[in-house]
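Work through the exercises below with the coordinates open. Try each task before reading its solution.

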Amino acid sequence: MKAYYNPLDKACKSFIGAVPRGGEVTFNVYKSKSGEENFFSADICTFVLQKDGEETNVYSMLSTEFGWSITLKIHTVGLYFYYFRFADGMSLGCGKLRTGELSYHPISWQLTVFAEDFVTPDWFKGGVMYQIFPDRFHKTGTFPSVTNKILREDWGGLPRFRPDEFGKVLNNDFFGGNLNGIREKLGYLKSLNVTVIYLNPIFEAYSNHRYDTGDYMKIDKLLGTEDDFDALVSDAEQLGIRIILDGVFNHTGVDSRYFNKYGRYSDSVGAYQSRLSPYYDWYRFNEYPESYESWWGIETLPSVNENAESYQQFIFGEYGVLKNWLRHGIGGYRIDVADELPDFFIQKMRRAVKSENKDAILIGEVWEDASNKIAYSERRQYLQGSELDSVMNYPLRDAIIQFAATGKTEYLRETISMLIDNYPKQVVDCQMNILGTHDTARILTVLSGRTCCDKEEMAITRLSEQEKRDAKQKLKIAALLQYTLPGVPCVYYGDESGMEGFIDPFCRACFDWENIDKEIFDFYERLGEIRKSFVDIFAEGVYREMYADNGCLVFERKTEHDCVYVFVNHLSNEYSVKLNGRYTDVLNRKDFCGIIPGHSYGILVQLCHA
């Protein structure tokens with residue numbers, strides 16, 4: 001008995017990926033693949049469908065000359081699961097690469113149903129994103145006068161990482177990277193064809209990472225002024241670059257005008273200081289005032305009570321945080337720890353942002369498959385049309401790293417298939433494709449395979465020349481995939497220049513402007529040029545796997561009129577590829593002769609389009 005079904009094959013499922021509410025979707029099960037002898041004995045097939053958390057429904061499928069078929073319209077947004085059951089008790093469920101697998105205990109496929117009016121910003125698609133940790137990117141001018149902070153004059157020095165006498169790492173050393181410093185380097189970013197700059201928090205805060213917000217309505221003095229920010233937004237816009245900000249709304253700083261534990265905000269009465277504070281209901285106290293809920297138990301980051309109406313008004317209101325900074329011309333927000341925020345809060349956030357600028361983007365920090373994420377025992381609704389436009393693509397990051405490191409394709413192929421099957425296409429095209437961030441070790445260090453026992457060892461460890469050479473070759477493979485798979489590549493500052501470093505704070509070192517690795521930089525620059533030259537393909541072109549084995553992957557990105565082929569061959573084997581017409585490898589700048597050499601990678605474009 002044989003059967004064929006693959007939701008990524010339009011012959012099997014008429015709508016690839018998630019489907020819009022009320023959209024007509026046809027499911028076809030084939031008794032055997034074309035050309036195979038038909039050993040199928042079952043004559044009845046049913047479609048088993050379950051909405052998440054509800055009763056299972058069973059639908060009879062129409063018998064056809066090729067197998068069975070059913071056409072449905074689903075009228076409720078949500079998460080659904082399905083498989084096919086035959087009369088003999090055998091079922092067809094989700095197997096490797098989403099292809100059907102016969103079993104008495106089938107694994108269901110997922111069907112995400114999203115709101116039919118759900119759209120994501122077109123301007124974001126096809127571009128290149130660049131993440132900046134503001135204190136460490138570029139400094140111009142001198143430090144302003146500040147207190148309670150360590151001002152470092154040794155740009156490029158080792159960030160402080162040792163606990164103080166009380167056992168705490170204060171993160172209060174600053175190297176002076178600022179907004180005007182970023183402005184001075186906009187030309188550099190333009191040379192990489194960057195279209196979006198994502199800034200880690202820039203609002204007033206005690207720490208250098210600024211995730212402990214002190215005042216949401218003020219630019220941190222060490223970064224510059226509001227006028228400096230407006231100038232950055234304006235100058236970037238003239239170069240076709242938009243700015244998006246980090247939105248940290250799950251917690252504030254303990255040293256903030258809202259909590260004000262140390263009383264440093266003399267013009268404010270914080271929640272810690274008085275139950276009569278206007279901010280008192282923003283927080284949850286266990287024993288007032290010393291015991292309060294905080295993010296992951298970190299006492300410097302008191303958690304916010306998102307149910308507090310005054311807090312919601314402060315964030316979402318007409319003169320609230322979100323709309324205030326959108327009116328400065330930013331392109332949207334990246335939402336910190338989105339899974340720590342309840343659905344209703346993110347939904348209100350979306351309504352507030354889109355009412356001010358319907359083209360603003362909302363990207364959530366979610367580390368898993370965001371379509372079916374469960375957080376705090378609740379299934380989340382991030383990608384169903386009422387919350388986020390996109391998420392940080394950690395699943396793809398992990399899969400790319402695994403492939404670049406080992407050369408084995410299976411995990412990468414499975415991950416790509418999962419994302420395309422589970423996410424709406426408009427989300428797939430907006431995925432924030434990362435290799436490194438401020439929360440991870442530098443990608444060059446990761447790909448070197450070098451490990452350390454503790455932070456003392458991390459502080460003094462550098463890659464050997466051989467380790468760096470090997471890691472650079474793997475980085476090129478990883479970056480190629482990051483730039484050509486569906487979504488928008490996001491380069492963490494300095495990854496394109498060969499920076500190395502282990503976990504925080506070593507991944508947050510100062511950009512070394514004097515020692516940019518030209519080989520790596522040129523490679524990223526070329527990838528950016530190619531994305532710009534074929535922006536429509538990379539903005540919305542569908543993905544199709546052309547060939548894969550244990551160590552070689554060839555895939556197509558295609559629109560109605562154009563396509564490119566991408567290949568990565570980790571093996572020593574050569575592969576013969578037959579394509580209609582003459583092609584050139586635009587990455588390596590040479591004509592393609594029909595042979596993929598061993599240990600090679602490239603991007604193929606038909607000569608008439610090159």
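**Exercise 1. List the residues that Tyr-333 touches, leaving out residues up to four places away in sequence.**

Solution. The model is a predicted one. Step one: apply the contact cut-off, heavy atoms within 4.5 Å. Step two: read off the partners of Tyr-333. They are Ile-244, Leu-245, Gly-247, Val-321, Leu-322, Trp-325, Leu-326, Val-353, Ile-361, Leu-362 and Ile-363. Step three: place Tyr-333 in a wider setting. Tyr-333 is among the residues with the most contacts inside the largest nonpolar core, which has 124 residues. Tyr-130, Phe-229, Leu-245, Phe-249 and Leu-412 are also on that list. Helix H12 (residues 465–484) gives this core its largest share, 8 residues. Another core lies apart from it, with 27 residues, among them Ala-3, Val-29, Ile-74 and Cys-94.

**Exercise 2. Which parts of the chain does the salt bridge between Asp-421 and Arg-98 link, and are the two residues buried or exposed?**

Solution. Start with the distance. The N to O separation is 3.2 Å, and the cut-off is 4 Å. Next, locate the ends. Asp-421 sits in helix H8 (residues 410–422), while Arg-98 sits in the loop between strand S8 (91–94) and strand S9 (100–103). They are 323 residues apart, so the text-book label here is a link between distant parts of the chain. Last, check accessibility. Asp-421 and Arg-98 are both buried.

**Exercise 3. Classify Lys-168 and Glu-299 by accessibility.**

Solution. First, the pairing: their side chains form a salt bridge at 2.4 Å, N to O. Lys-168 lies in the loop between strand S12 (150–151) and strand S13 (173–174). Glu-299 lies in the loop between strand S19 (291–292) and helix H4 (309–316), 131 residues apart from Lys-168. Now the classes. Buried means under 20% and exposed means over 50%. Lys-168 has 38% relative accessibility, so Lys-168 counts as partly exposed. Glu-299 has 36%, so Glu-299 is partly exposed.

**Exercise 4. Why do Arg-327 and Glu-318 count as partly exposed?**

Solution. Arg-327 and Glu-318 form a salt bridge, with their closest N and O atoms 2.8 Å apart. Arg-327 is partly exposed because its relative accessible area is 41%. Glu-318 counts as partly exposed because its relative accessibility is 40%. Then look for networks. Asp-246, Arg-334, Asp-336 and Glu-365 are joined into one by salt bridges that share partners. The full count of salt bridges is 45.

**Exercise 5. Compare the span of helix H7 (residues 394–406) with the expected value.**

Solution. H7 has 13 residues. Its first and last C-alpha atoms are 18 Å apart, close to the 18 Å expected at 1.5 Å a residue. Check the ends. At the start, a side-chain oxygen of Asn-393 comes to within 3.3 Å of the backbone nitrogen of Leu-396. After H7 comes Gly-407, with a positive phi near 80°. Then the packing. Buried residues of H7 include Tyr-394, Leu-396, Ile-400 and Phe-403. The buried residues of H7 pack against H8, strand S25 (432–434), helix H10 (443–448), H12 and strand S29 (563–569).

**Exercise 6. How far apart are the C-alpha atoms of Ser-464 and Val-353?**

Solution. Ser-464 lies in the loop between helix H11 (455–460) and H12. Its C-alpha is separated from that of Val-353 by 47 Å, and the two are 111 residues apart along the chain. Ser-464 counts as partly exposed because its relative accessibility is 33%.

Notes:
Residues are numbered from 1 along each chain as its sequence is written. This is a predicted model: local features need pLDDT of at least 70, side-chain atom pairs count only at pLDDT 80 or more; totals for chains, interfaces and linings use all residues. Side-chain values use heavy atoms; hydrogens and water are left out. A nonpolar core is a set of buried Ala, Val, Leu, Ile, Met, Phe, Trp, Tyr and Cys residues joined through side-chain atoms within 4.5 Å. Buried means under 20% relative accessible area, exposed over 50%, partly exposed in between (1.4 Å probe, protein chains only). Helices (H or I, at least four residues) and strands (E, at least two) are DSSP runs, numbered from the N terminus. The expected span of a helix is 1.5 Å times one less than its number of residues. A polar contact is a pair of N or O atoms within 3.5 Å; within protein, one must be able to donate a hydrogen and the other to accept it, and residues adjacent in sequence count only if both atoms are side-chain atoms.
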